[in-house]
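Trainee: I have a list of terms I keep seeing in structure reports. Can we test each one against a value?

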Amino acid sequence: MTDLSRRSFLVSGAVAGLTTSSASAQAAYPSQTIRLVVPYAPGGGSDFTGRLVAQKLQELGGYNLIVDNKPGAAGMLGTEIVARAPADGYTLLYADVAHGINPAVYSKARYDPVKNFVPVTLVAASPQVLVANPSFPVNSLKELLAMPLDQLQKIAVGTPGQGSGPHLTYELLRTKVGFDLVHVPYKGGGPALNDAINGQIPLVMNAMAPVMPHLQSGKLKALAIATAQRHPRLPDVQTYAESAPGVVVYNWYGFLAPAGTPSNVTSKLAADISRVLLLPDVKEKFDAAFLDPMPQGSAEMARFLDGEVRQWKVVAAETGISLD
């Protein structure tokens, strides 16, 4: 064997060894602790669902996850941390509806919600609901829209805050049907719902999860729900789409990884998270929290997320919303 041939043989063998080692390393995922960044403070829906899934992944075996709450800047602080993390599957983002909204209403968002991430899977969703104090003389969105404009413009609707999912749902509804209410942004959904219960404000928009206990107790009534079809929990409540086609909005939760994360990693995560969502105790906990499991893999979530981002960009442009 010539020296050149011998060197080529050695190099080929070394490359083969590296390839084998690389494949083994990928196949061994996860081989170290995974950091799951929740871009909000502990105690909310993102924290609850994210921790539950993380716990169950560990119980399945092979996973060690640490939930890292990084609140700030309407969720953008924690999101940016993950956008700039290594694309190795060991730093993940637990995102929600704000992931698609924030870059549309904040020019200071220093990441692209699509280009800087690869979807792993959706986890759960809670549709937006329009609720009212029981004394409010309207029982559906259809009836509300039939009111004269000068009366509508005097009716207040509360939301959990500027730039929140319920706020943008209201703005989306405005662009679809051209009606105006008096938007009252609160500092959180709880105070808005309490004021509606106490008669301080007639209408509130929020996700199903926080409003359902008040609907069940009769302290509030539902006028419409932002699903494509009527929801089994509220079968007598009309959808937004029945009066305003195209208004379908969920407060969703899902896993994202930094762009460039290997597909074998995201596929394994998606498959194992789907297994978690089928566990009876997880389904029971989600059901008790009025959350609908929504396991969707990377490709399905990518289409969903692209639609979200496009929708909120259009709404921000048409309404002129800027929260900088």
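**Terms put to the test**

Mentor: Start with a bridge: Pro119 stands opposite Leu256 in strand 9. Keep in mind that this is a predicted model.

Trainee: What makes strand 4 and strand 9 a pair?

Mentor: Pairing needs at least two bridges between the strands. Strand 4 and strand 9 are joined by nine, and they run antiparallel. The definition of a pair is therefore met.

Trainee: Which sense and how many bridges does strand 4 have with strand 10?

Mentor: Antiparallel, over three bridges. One residue to look at is Ala124, whose bridge partner in strand 10 is Pro293. Strand 7 also pairs with strand 4 in the antiparallel sense, over five bridges. There, Gln128 stands opposite Ala207. Strand 8 (residues 221–225) pairs with strand 4 over four bridges, again antiparallel. Val131 faces Ala222 in that pairing.

Trainee: How do you know that strand 4 is mostly covered?

Mentor: Buried means under 20% relative accessible area. In strand 4, 16 of its 16 residues are buried.

Trainee: How many residues of helix 3 are buried?

Mentor: Six of its eight, so helix 3 (residues 76–83) is mostly covered too. The buried ones are Met76, Gly78, Thr79, Glu80, Val82 and Ala83. Their cover includes strand 1, strand 3, helix 4, strand 4 and strand 9.

Trainee: On to rings. Why is the pair of Tyr94 and Phe255 called edge-to-face?

Mentor: Centres must lie within 6.5 Å, and planes over 60 degrees apart count as edge-to-face. The ring centres of Tyr94 and Phe255 are 5.1 Å apart and their planes stand at 75°, so the pair is edge-to-face. Tyr94 lies in strand 3 and Phe255 in strand 9, so the pair ties together parts that are 161 residues apart in sequence.

Trainee: Why do Tyr94 and Phe255 count as buried?

Mentor: The cut-off is under 20%. Tyr94 has a relative accessible area of 0%, so it is buried. Phe255 has 1%, so Phe255 is buried as well. Tyr94 and Phe255 also form one aromatic cluster with Tyr253.

Trainee: How many aromatic pairs does the count give?

Mentor: Six. Tyr29 and Tyr90 form one, with 5.2 Å centre to centre and 55° between the planes.

Trainee: Why is the pair of Tyr29 and Tyr90 called tilted?

Mentor: Stacked needs planes under 30 degrees apart, and edge-to-face needs over 60. At 55° the planes of Tyr29 and Tyr90 fit neither class, so the pair is tilted. Tyr29 sits in the loop between helix 1 and strand 1, and Tyr90 in the loop between helix 3 and strand 3, so this pair links parts 61 residues apart in sequence. Both Tyr29 and Tyr90 are buried.

Trainee: Last topic, empty space. What makes a space a cavity or a pocket?

Mentor: In a cavity, a 1.4 Å probe fits but cannot get out, while a pocket is an open set. The search finds one cavity of 30 Å³ or more. The largest cavity holds about 50 Å³ of space. Its lining has seven nonpolar, four polar and one charged residues.

Trainee: What is the volume of the largest pocket?

Mentor: About 810 Å³. It is lined by 37 residues, and Tyr40, Asp96, Pro160, Asn251 and Tyr253 lie nearest its centre. Helix 2 gives the largest share of that lining, four residues. By class, the lining of the largest pocket has 17 nonpolar, 17 polar and three charged residues.

Technical notes: Residues are numbered from 1 along each chain as its sequence is written. This is a predicted model: local features need pLDDT of at least 70, side-chain atom pairs count only at pLDDT 80 or more; totals for chains, interfaces and linings use all residues. Side-chain values use heavy atoms; hydrogens and water are left out. On a 1 Å grid over the protein atoms alone, a cavity is a set of points where a 1.4 Å probe fits but cannot get out, and a pocket is an open set with protein on both sides within 12 Å along at least five of seven lines; lining residues have an atom within 4 Å of a point. Grid points are joined across faces, edges and corners, and a volume is the space filled by probe spheres set on the points. Helices (H or I, at least four residues) and strands (E, at least two) are DSSP runs, numbered from the N terminus. Ala, Val, Leu, Ile, Met, Phe, Trp, Tyr, Cys and Pro count as nonpolar, Asp, Glu, Lys and Arg as charged, and the others, Gly among them, as polar. Buried means under 20% relative accessible area, exposed over 50%, partly exposed in between (1.4 Å probe, protein chains only). Contact means heavy atoms within 4.5 Å.
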